[in-house]
Amino acid sequence: MPVIATCNDVWGNYEGSGLECDEHPFSSTYEGAAKNDNRYSARLTDGRDNRKGGERIQKVYEENRILDNDLFYVKIVP
């Protein structure tokens with residue numbers, strides 16, 4: 001996965017640190033790292049927080065009945 005390689009290149013070996021490599025756009029979409037076109041961002045984040053974020057994204061998909069290949073956008077509200 002290109003995202004893991006990016007994190008390893010930038011931050012080195014983070015194994016055992018409790019950190020995980022996270023990406024945007026989400027790995028559950030067909031954009032960003034999934035397309036392998038270098039149009040994504042990646043950084044290390046707390047593993048528990050990363051997993052909780054994934055659970056929340058999944059809940060949004062379910063509650064809004066977003067299916068595979070459905071179009072949607074994410075609005076960032078500061």
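**Surface patch, pockets and backbone features**

A nonpolar patch of about 290 Å² is formed on the surface by Phe72, Val74 and Ile76. The structure is a predicted model. Within this patch, Ile76 is placed in the segment after helix H2 (47–63). Ile76 has a relative accessibility of 66% and is therefore classed as exposed, since the cut-off for that class is over 50%.

The largest pocket holds about 500 Å³ of space. Its lining consists of 23 residues, and those nearest the centre of the pocket are Phe26, Ser28, Gly53, Gly54 and Ile57. Helix H1 (2–11), strand E1 (19–24) and helix H2 each contribute at least two residues to the lining of this pocket. The greatest contribution comes from H2, which supplies 9 residues to the lining of the largest pocket. Sorted by class, the lining residues of the largest pocket comprise 12 nonpolar, 7 polar and 4 charged residues.

The second largest pocket contains about 370 Å³ of space. It is lined by 17 residues, with Thr29, Tyr30, Glu31, Asp70 and Phe72 closest to its centre. Phe72 is also one of the residues that make the nonpolar surface patch. The lining of the second largest pocket is made up of 10 nonpolar, 4 polar and 3 charged residues.

Several features of the backbone were also identified. The peptide bond that runs from His24 to Pro25 is cis, and its omega is near 0°. Pro25 belongs to the loop between E1 and strand E2 (41–46).

Positive phi values were found at Arg65 and at Asn69. Arg65 is not a glycine, yet its phi is positive, at about 50°. This arginine lies in the segment after H2. With a relative accessibility of 70%, Arg65 is counted as exposed, because residues over 50% fall in that class. Asn69, likewise a residue other than glycine, has a positive phi near 75°. Its position is in the segment after H2. The relative accessible area of Asn69 is 59%, and so this asparagine is exposed.

The segment after H2 thus includes Arg65, Asn69 and Ile76. The exposed class takes in Arg65 at 70%, Asn69 at 59% and Ile76 at 66%.

Notes: Residues are numbered from 1 along each chain as its sequence is written. This is a predicted model: local features need pLDDT of at least 70, side-chain atom pairs count only at pLDDT 80 or more; totals for chains, interfaces and linings use all residues. Side-chain values use heavy atoms; hydrogens and water are left out. Patches are made of residues with over 30% relative accessible area and no salt bridge: like charges are joined within 9 Å, nonpolar side chains (Val, Leu, Ile, Met, Phe, Trp, Tyr) within 5 Å. Accessible areas come from the Shrake-Rupley method with a 1.4 Å probe; for residues, only the protein chains shown count as cover. A salt bridge is a side-chain nitrogen of Lys or Arg within 4 Å of a carboxyl oxygen of Asp or Glu. Helices (H or I, at least four residues) and strands (E, at least two) are DSSP runs, numbered from the N terminus. Buried means under 20% relative accessible area, exposed over 50%, partly exposed in between (1.4 Å probe, protein chains only). On a 1 Å grid over the protein atoms alone, a cavity is a set of points where a 1.4 Å probe fits but cannot get out, and a pocket is an open set with protein on both sides within 12 Å along at least five of seven lines; lining residues have an atom within 4 Å of a point. Grid points are joined across faces, edges and corners, and a volume is the space filled by probe spheres set on the points. Ala, Val, Leu, Ile, Met, Phe, Trp, Tyr, Cys and Pro count as nonpolar, Asp, Glu, Lys and Arg as charged, and the others, Gly among them, as polar.
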